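These exercises practise reading a protein model step by step. Try each task before reading its solution.

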Amino acid sequence: MSFVGLMVLIVYEARWVYPEIQAYFSQTGSLTGQQLATRARGYVQRAQEELLVAASPLEINSARHSLELAYGLFDVDVYRQKYACTEPSLALMDELAELLDTQQVDPFDAAHALFIPVQCLTRIEMNQLDQRGVVINDFSSSTRRHHQILTYSSVLIFALGLLFWIMHQRQLKRTERANSEKIAWMARAMCDPLTGIGNRSALYQDVAAYTGCSMGLILVDIDFFKQYNDALGHPEGDRLLRRLARLLKSALGEQARLYRLGGDEFAALLPCPNDQMLVHHCEALQLGLEEAQCHHPAHPDNKDVTLSIGGARFVADATSFAAAYEAADKALYQVKTAGRDGWQITASA
Ligand SMILES: Nc1nc2c(ncn2[C@@H]2O[C@H](COP(=O)(O)OP(=O)(O)OP(=O)(O)O)[C@@H](O)[C@H]2O)c(=O)[nH]1
């Protein structure tokens, strides 16, 4: 954008500079005019010198020849039109040439009379030189003006370019900020605020991401959590929920993705090529909980906090997940009805 502007300006300015250059070089006409006058004056003065020393018709003839050469150079339309002294000077030179031919004029007088054309030619030379000076001055001042315009315009275009660049950068930052806010918002929407692990939506999203993989789904429910809450209060209950999230992580390893489905119900999704692996994870979970020794002040069986765990294996896709969820839930329910504090896995339909 800035470059296009600059190019247009340069072309525009060059368009105006061009006639100035032409005007300058057209003054070669004036220059030539000045040179003609100089050379003509040179011949007239040579004729004067020859006449002053002329002693023979041959020498007078030579002076006359110089005079003719001067006449030829002097007899220019521009001189006739612009300089009033031209006509009389040429007439005088013509007349003197004829008188010299017929020897009716004294060479000394003729030489003296030739001061008139010399003066005229000198004036022409000076005038032509002045004209050339004026044109040169005009040319240089207008060139300076165009140069200034180009300089200021370039600075302006540069400043505008800089301004647009800054505005563009700001816009870019705003967009980036909006994008990262959107991403953060989406992450929050997939996250359980109490424990920091995923929520039910995240579970569904992750299943879709694992499509085609052999996965294990483990559902976990705290036993007698109501009693725990009642005995220690909800803040302590919350603390237990957070602690259990950490415990799930350390027991199931980095590959497991964890979710809180609501209340005291958790889920884990992890790669699981066979049932043995699923059994291993369930046992690891129970073992981890036992080692953690989370005191439950109101457990009806006087135990520390215990869990009911149900698991199922499936090849991930939307329909198989629904079946696996149902199977794992059924397994968990069976553990609950069997007295809690245990695990069971069921094959999904
Ligand atoms: N502290 C706390 N308690 C919650 C939260 N969400 C649900 N609860 C409580 O969790 C308890 C769940 O009770 P139940 O569904 O009867 O489960 P339970 O007491 O563990 O009984 P069983 O599962 O049958 O062993 C209820 O008392 C809820 O108030 C929470 O975010 N924080």
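A residue is buried if 20 or more other C-beta atoms lie within 10 Å of its own, exposed if 12 or fewer, and partly exposed in between. The model used here is a predicted one.

**Exercise 1. The sheet**

Task: Find the order of the strands in the open sheet, and state which strands stand at the edges.

Solution.
Step 1. The sheet has five strands, in the order β2-β3-β1-β4-β5, and the pairing is mixed.
Step 2. β2 (257–262) and β5 (342–345) each have a single partner strand, so they stand at the edges and one side of each is left without a neighbour in the sheet.
Step 3. Averaged over the sheet and with direction ignored, neighbouring strands are turned by 20 degrees against each other.

**Exercise 2. Strand β1 and its partners**

Task: Describe how β1 pairs with β3 and with β4, then decide how far β1 is covered.

Solution.
Step 1. Recall that strands of a sheet pair through backbone hydrogen bonds, either parallel or antiparallel.
Step 2. β1 and β3 (residues 265–271) run antiparallel and are joined by seven bridges. Leu217 stands opposite Leu269 of β3, and Met215 has Pro271 of β3 as its bridge partner.
Step 3. With β4, the pairing of β1 is also antiparallel, over nine bridges. Here Leu219 is matched with Gly310 in β4.
Step 4. Apply the cut-off for burial: eight of the nine residues of β1 are buried, and the strand is mostly covered.
Step 5. Look for a helix on the sheet. α10 packs on it and touches β1, β2 and β3, and the direction of α10 makes about 20 degrees with that of β3.

**Exercise 3. Around the ligand**

Task: Which elements each supply at least two residues of the shell around the ligand, and which gives the most?

Solution.
Step 1. The ligand is surrounded by 15 residues, the closest being Phe225, Lys226, His234, Gly237 and Gly263.
Step 2. At least two residues of the shell come from each of β1 (214–222), α9 (225–232) and α10 (234–252).
Step 3. α10 gives the most, with four residues.
Step 4. Sorted by kind, the shell holds five nonpolar, four polar and six charged residues.

**Exercise 4. Helix α3**

Task: Compare the span of α3 with the expected value, and classify Asn61 as buried, partly exposed or exposed.

Solution.
Step 1. α3 (residues 57–74) has 18 residues. From first C-alpha to last it reaches 25 Å, close to the 26 Å expected at 1.5 Å a residue.
Step 2. Among the buried residues of α3 are Ile60, Ala63, Leu67 and Phe74.
Step 3. Asn61 is found in α3. It has 13 C-beta neighbours inside 10 Å, so Asn61 counts as partly exposed.
Step 4. Asn61 and Asp101 are 40 residues apart in sequence, and their C-alpha atoms are 7.6 Å apart in space.

**Exercise 5. Two loop residues with positive phi**

Task: Where are Gln293 and Arg340 found, and how exposed is Gln293 and Arg340?

Solution.
Step 1. Gln293 is found in the loop between α11 (275–292) and β4 (307–315). Its phi is near 45 degrees, a positive value in a residue other than glycine.
Step 2. Gln293 has 8 other C-beta atoms within 10 Å, so it is exposed.
Step 3. Arg340 is found in the loop between α12 (318–337) and β5. Arg340 is not a glycine either, and its phi is positive, about 70 degrees.
Step 4. Arg340 has 19 C-beta neighbours inside 10 Å, so it counts as partly exposed.

Note on methods. Residues are numbered from 1 along each chain as its sequence is written. This is a predicted model: local features need pLDDT of at least 70, side-chain atom pairs count only at pLDDT 80 or more; totals for chains, interfaces and linings use all residues. The expected span of a helix is 1.5 Å times one less than its number of residues. A residue is near a molecule or strand if its C-beta atom, placed from the backbone, lies within 6 Å of it. Ala, Val, Leu, Ile, Met, Phe, Trp, Tyr, Cys and Pro count as nonpolar, Asp, Glu, Lys and Arg as charged, and the others, Gly among them, as polar. Two strands pair if DSSP finds at least two bridges between them. Axes are lines fitted to C-alpha atoms, for helices over the stretch in contact, and angles run from 0 to 180 degrees between N-to-C directions. Two residues are in contact if their C-beta atoms, placed from the backbone, lie within 7 Å.
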